[in-house]
Amino acid sequence: MYNLSCSDGYQYPGSEPTYITDIIPLATGLAAAASDQSIRLFDPLRLNQGPIKRLQTDHGNLTSTKAFNPVESIICTTGENGSISLWDLRLDSSKAQVLRIQGSSEAGLLSLACSSQTNTIAAGTELANHQASILLWDLRTPQTPKIQYNEVHSDDITELTFHPTQPHLLLSGSTDGLINICDTTIADEDEVVIQAFNHGSVHRAGFLNDSTEVYALSHDEKFALYDMAETTEKGSAILDVGDIRKVVNCQYVANVVPKVNAAGAVLGAGTQDQELFRLIHLSKNGTSWNLDSDTVVGLPGAHGSELVRSFCLFDEQQVVFTSGEDGAIKAWRPAA
């Protein structure tokens, strides 16, 4: 295992730890979403100097933060009161909220997906009145959703993501156990799901870059890969790891981050009682996928005994950023 050292960091103030739930790389810096309902923007080279910008969201409880356009430093947030906000982090804090949408559903919103290619935002609701919905807005006409699916899932919708090069394809995951691939050019609910995988209550799921392959992590840490290609047996996993904790000897997986150069993905695996977080590469050799035990990167000390909630990688700069439930955001680099 190759270890990195913590080279920089920032501790959120306060007597009670603030959970930093998401860190998102943007052109203007590193955006961090936290349980105090704030969005803070950091200079990634000077974390210890504190945030260069702070915004306060008003979603009741902030549940999801996604990049809408990282090049233009635009992010999207949502939460339990059913509202969605678009923020331009190039602007002064007082002017940064450039759009606010109040969802038509009375249910809280749990998940988001953004496509700047098609000017579309998708949001998934919690289960309310026996219904969980996926709503899609065209940001050019955001007054009402352009489409709403009420029967794709039967429980909380915990994950949404658009395909990176085919943005009409929307992946959705739910605590009902299903991961669905929807063709959003189809309005008919009976026809919109073009592929479905029964994985178990979905914690994380997404596309493995510009491919037909999908990763899935359940709330009880079962990990698998699926393929939505028509040549693959429908619904069956192409890699079924089972309980990932037993396979890689960890206590939890924080997330799965696809590599930007299409060379697989990275799993972030934490072991609290060892105060250790590891980055484990998921790579493809020919047609088969495997977890590469020879290229594991360790972050010793991690966030102490607290969970790591988010991480992102900058391979060219050889730096990893992490955030956790200890209220800290950290940078990790090779030891000098």
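Q: How many disulfides does the structure hold, and how do you know that Cys114 is in no disulfide?
A: This is a predicted model, and the structure holds 0 disulfides. For Cys114, the nearest cysteine sulfur is that of Cys76, at 4.3 Å, whereas a disulfide requires a pair of cysteine sulfur atoms within 2.5 Å; because 4.3 Å lies outside that cut-off, Cys114 is counted in no disulfide.

Q: What makes Cys182 a cysteine in no disulfide?
A: The nearest cysteine sulfur to that of Cys182 belongs to Cys114 and is 17 Å away, so the cut-off of 2.5 Å is not met and Cys182 is in no disulfide.

Q: Why are Cys114 and Cys182 each called buried?
A: A residue is called buried when its relative accessible area is under 20%. Cys114 has a relative accessible area of 18% and is therefore buried, and Cys182, with a relative accessible area of 0%, is buried as well.

Q: Why is Thr77 called buried, and in which strand is Thr77 found?
A: Thr77 is found in strand S8, which covers residues 74-79. Its relative accessible area is 0%, and because this is under 20%, Thr77 is classed as buried.

Q: What makes the pairing of the side chains of Thr77 and Trp87 a polar contact?
A: The side chain of Thr77 and the side chain of Trp87 make this contact at 2.8 Å, and since the cut-off for a pair of N or O atoms is 3.5 Å, the value of 2.8 Å falls within the limit. Setting aside residues up to four places away in sequence, Thr77 also touches a list of residues that includes Ile39, Thr57, His59, Leu62 and Leu112.

Q: Why is Ser174 called buried, and what does Ser174 touch?
A: Ser174, found in strand S16 (residues 169-174), has 0% relative accessibility, and because buried means under 20%, Ser174 counts as buried. Not counting residues up to four places away in sequence, Ser174 touches several residues, among them His153, Asp156, Thr158 and Gly200. Gly200 is 26 residues from Ser174 along the chain, and the C-alpha atoms of the two are separated by 8.5 Å. A polar atom of the Ser174 side chain lies 3.1 Å from the backbone oxygen of Asp155.

Q: What makes S1 and S23 edge strands of their sheet?
A: The sheet is open and is formed by 5 strands in the order S1-S26-S25-S24-S23, with mixed pairing. Strand S1 (2-3) and strand S23 (252-258) each have a single partner strand, so one side of each is left without a neighbour in the sheet.

Q: How do you know that S23 pairs with S24?
A: Two strands pair if there are at least two bridges between them; 6 bridges join S23 to strand S24 (residues 265-271), so the condition is met, and the two strands run antiparallel. In S24, Ala269 is the bridge partner of Val253.

Q: How do you know that the radius of gyration of the protein agrees with that of a compact globule?
A: With 336 residues, a compact globule would have a radius of gyration near 20 Å, and the protein has 19 Å, which agrees. The C-alpha trace spans about 60 × 50 × 35 Å along its principal axes, and buried residues make up 52% of the 336 residues. The secondary structure of the protein comes to 1 helix and 29 strands.

Key: Residues are numbered from 1 along each chain as its sequence is written. This is a predicted model: local features need pLDDT of at least 70, side-chain atom pairs count only at pLDDT 80 or more; totals for chains, interfaces and linings use all residues. Side-chain values use heavy atoms; hydrogens and water are left out. Buried means under 20% relative accessible area, exposed over 50%, partly exposed in between (1.4 Å probe, protein chains only). Helices (H or I, at least four residues) and strands (E, at least two) are DSSP runs, numbered from the N terminus. A polar contact is a pair of N or O atoms within 3.5 Å; within protein, one must be able to donate a hydrogen and the other to accept it, and residues adjacent in sequence count only if both atoms are side-chain atoms. Contact means heavy atoms within 4.5 Å. The radius of gyration is taken over C-alpha atoms; the globule rule is 2.2 Å times the number of residues to the power 0.38.
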